[in-house]
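Let's take a friendly walk through a protein fold, one piece at a time. Have a look at the sequence and the picture below, and then we will start from a single residue and work outwards.

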Amino acid sequence: MTTDKNSQISKFYKRSLKERREILKSWMNDPAELDQTLDQGLTTAQADPMIENVIGIYSLPFGIATNFLINGKDYLIPMVIEEPSVVAAASNAAKLIRAGGGFTTRSDEPIMIGQIQILDVPDINKAIERIKTAEKQLMAMVDAIAGSIVKRGGGARGIETRVIPNTLNGDLLIVHLLYDTRDAMGANAINTAVEHIAPEIETLTSGRVNLKILSNLSDRRKAYAEGIVPAGELAQEKENLTGVQVVDSIVEASVFAECDPYRATTHNKGIMNGIDAVVMATGNDWRAIEAGAHAYAARHGHYTSLTQWRKTENGDLQGRIELPMAIGTVGGATRVHPTAQLAMKILGIDAARELSEVIAAVGLAQNLAAIRALATTGIQHGHMRMHARQLAIAAGASPEMIGRVVEAMIKANNIRLEYAKTLVAQGEQSG
Ligand code: MEV
C-alpha cells in the first residue's frame with residue numbers, strides 16, 4: 001500500500017533520470033525489474049501478436065506527476081505523452097489542490113452498455129412488452145456465457161429499450177444490455193453478450209437485428225473529482241495579481257468554456273492531455289475514453305466543458321469534473337504490456353474504479369493548470385521556459401549551468417538549440 005507515502009517530492013523535476021528512478025523504487029512495494037522494464041519496454045516479440053503486420057515498436061516518453069493526494073491517499077501518477085509541460089502542469093496543479101485538502105473523488109458502478117439495433121418490427125409496443133417480460137431470461141443467457149466477469153461479481157444488470165424515430169426505413173427499436181464489467185474495460189465481454197442474445201431478440205420482436213456492439217458513451221460508468229484551491233495559493237506576486245483576482249479570472253475562463261463550443265473543445269483537449277496520458281500509461285483504450293468524453297460533453301445538445309470552476313463562499317476556488325471512464329485494470333494491453341504493468345505498480349491500484357477516479361483527478365488538475373496559466377501569464381510563458389530548459393540540457397549544460405543558460409535564452413528571446421550550444425560553450429570557457 002502507498003497510504004503512508006507522500007507524493008510531494010521536492011524538486012523531482014530537477015533530479016537526474018537515474019535519481020528519479022531511485023525515488024520511484026523506494027516508493028514502490030515491488031521495484032524489481034523497474035530499470036529493465038523502463039529501458040526495454042515492449043519487445044518486438046511481445047508486440048508481434050498484439051496487432052497485425054508488426055514491424056517494430058514506437059516509443060513515447062514516460063513521466064511521473066507528483067503531489068497527488070486523492071481521498072487522503074498519495075499517488076505518483078504515470079503519464080505517457082509526447083507534449084512538453086503536461087506532466088509539470090499536472091504536478092503543479094495537484095500541489096495547489098493539495099493545499100486545499102486534496103481531491104475528493106467517487107465513481108459509478110462499472111456498468112457498460114451493449115446495443116442491439118432492431119428493424120422491421122411489426123408492432124414496437126408489443127415487442128417492448130415481450131422484451132420486458134423476458135428480461136430475466138435474457139440476463140441469465142448473458143451470465144451463462146460470461147465466465148470470469150461473473151465469477152468476479154459482474155454480469156448482466158438489466159435490459160432497456162429505446163425507440164428512435166427514423167423516417168428513412170422505419171422507427172428503430174434499440175435494446176440496451178446493461179453489463180457490470182467489474183475491473184475489466186469489458187468491450188469483448190459485452191460484444192460477445194449482445195451477439196449471443198441477438199437471435200432471441202429477433203424471435204421476441206419478430207424483427208430483424210442489424211448491429212450488435214457496445215456503446216462508447218459509457219454514461220453509466222462515470223468518474224467524478226472535486227478539489228478546492230485556497231485563494232492565497234493562486235496569488236502571483238511577479239504579475240501583481242492577488243489570489244482573489246486569479247480566482248475570478250479562472251471562473252471567467254470556466255464560464256467561457258461552459259458557454260462556447262469553440263473554447264470548450266480546447267478546454268477539454270487540455271483535460272484530455274492529462275487523462276489520455278494516464279490511460280496510455282496503464283495500457284487502456286484512449287480512443288474509447290476520448291469518444292465517451294466528447295459525446296458526454298455534448299449530452300445536453302450543445303458541446304460544453306467537462307469541468308466547472310466556481311468561487312466558494314470563502315473566496316476560494318472550487319472545481320469539479322465528471323465524465324465517462326471505461327477503463328480496466330485486467331485484460332487488454334494492461335495485461336500484456338510490461339510498461340503498463342509497471343504503471344499499475346507505481347499507482348498501487350488493482351481496482352478499475354479507483355483508477356477511474358485517479359484519472360478524473362488528473363483531468364481536473366490538468367485543466368486547472370491550463371486555465372490558470374491562460375487567465376494569468378498566458379500559456380507560452382511557461383512553455384518557453386520549459387522548452388529553453390530542454391534545449392539547455394540537449395546542448396550539454398551541466399546541472400549547475402542549466403538555470404543560467406535558460407535565463408540568458410529567455411532574456412535574449414532566442415530559444416534555439418544553436419544559441420543554447422553557444423551559451424554552454426561560453427559558460428564552459430568562463431568556468
Ligand atoms: C494545450 O495542449 C492545451 C491547452 O490549449 C488547454 C486549454 O486551452 O485549456 C493549453
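Our starting point is A99, which belongs to helix α4, a helix made of residues 86-99. Keep in mind as we go that this is a predicted model. Is A99 buried, partly exposed or exposed? Its relative accessibility is 39%, and because partly exposed covers the range between under 20% and over 50%, A99 counts as partly exposed.

Now look at what surrounds this residue. Leaving aside residues up to four places away in sequence, A99 touches P230 and E233. Another residue to find in that part of the chain is G232: 133 residues separate A99 from G232 along the chain, yet their C-alpha atoms are 9.9 Å apart.

From here we can move on to the sheet. In which order do its strands lie? The order is β3-β8-β10-β9, with 4 strands forming an open sheet whose pairing is antiparallel. At the edges you will find β3 (104-107) and β9 (307-311); each has a single partner strand, so one side of each is left without a neighbour in the sheet. From one strand to the next, the twist averages 10°.

Zoom in on one pair of strands. Strand β8 spans residues 222-229, and 4 bridges join it to β3, the two running antiparallel. One example to look for is T105, whose bridge partner in β8 is A225.

Helices pack on this sheet too. Our helix α4 touches β8 and β9, and its direction makes about 70° with that of β8. Helix α11 (residues 286-297) also packs on the sheet, where it touches β8 and β10 (317-324). The direction of α11 makes about 115° with that of β10.

Our last stop is a pair of helices. In general, two packed helices are described by the angle between their axes and the distance between the axes. Here the pair is α6 (residues 135-144) and α8 (residues 187-205), whose axes come within 9 Å and cross at roughly 150°. Since angles over 145 degrees count as roughly antiparallel, α6 is roughly antiparallel to α8. The crossing of α6 and α8 is right-handed.

Which residues make this contact? On the α6 side they are Q137, L138, M141 and V142, while α8 contributes A193, H196, I197, E200, I201 and L204. Sorted by character, the residues of the contact of α6 with α8 divide into 7 nonpolar, 2 polar and 1 charged.

Key: Residues are numbered from 1 along each chain as its sequence is written. This is a predicted model: local features need pLDDT of at least 70, side-chain atom pairs count only at pLDDT 80 or more; totals for chains, interfaces and linings use all residues. Side-chain values use heavy atoms; hydrogens and water are left out. Buried means under 20% relative accessible area, exposed over 50%, partly exposed in between (1.4 Å probe, protein chains only). Contact means heavy atoms within 4.5 Å. Two strands pair if DSSP finds at least two bridges between them. Axes are lines fitted to C-alpha atoms, for helices over the stretch in contact, and angles run from 0 to 180 degrees between N-to-C directions. Angles under 35 degrees count as roughly parallel, over 145 as roughly antiparallel, 65 to 115 as roughly perpendicular and the rest as oblique. A crossing is left-handed if the near helix is turned anticlockwise from the far one by less than a right angle, and right-handed if clockwise. Ala, Val, Leu, Ile, Met, Phe, Trp, Tyr, Cys and Pro count as nonpolar, Asp, Glu, Lys and Arg as charged, and the others, Gly among them, as polar.
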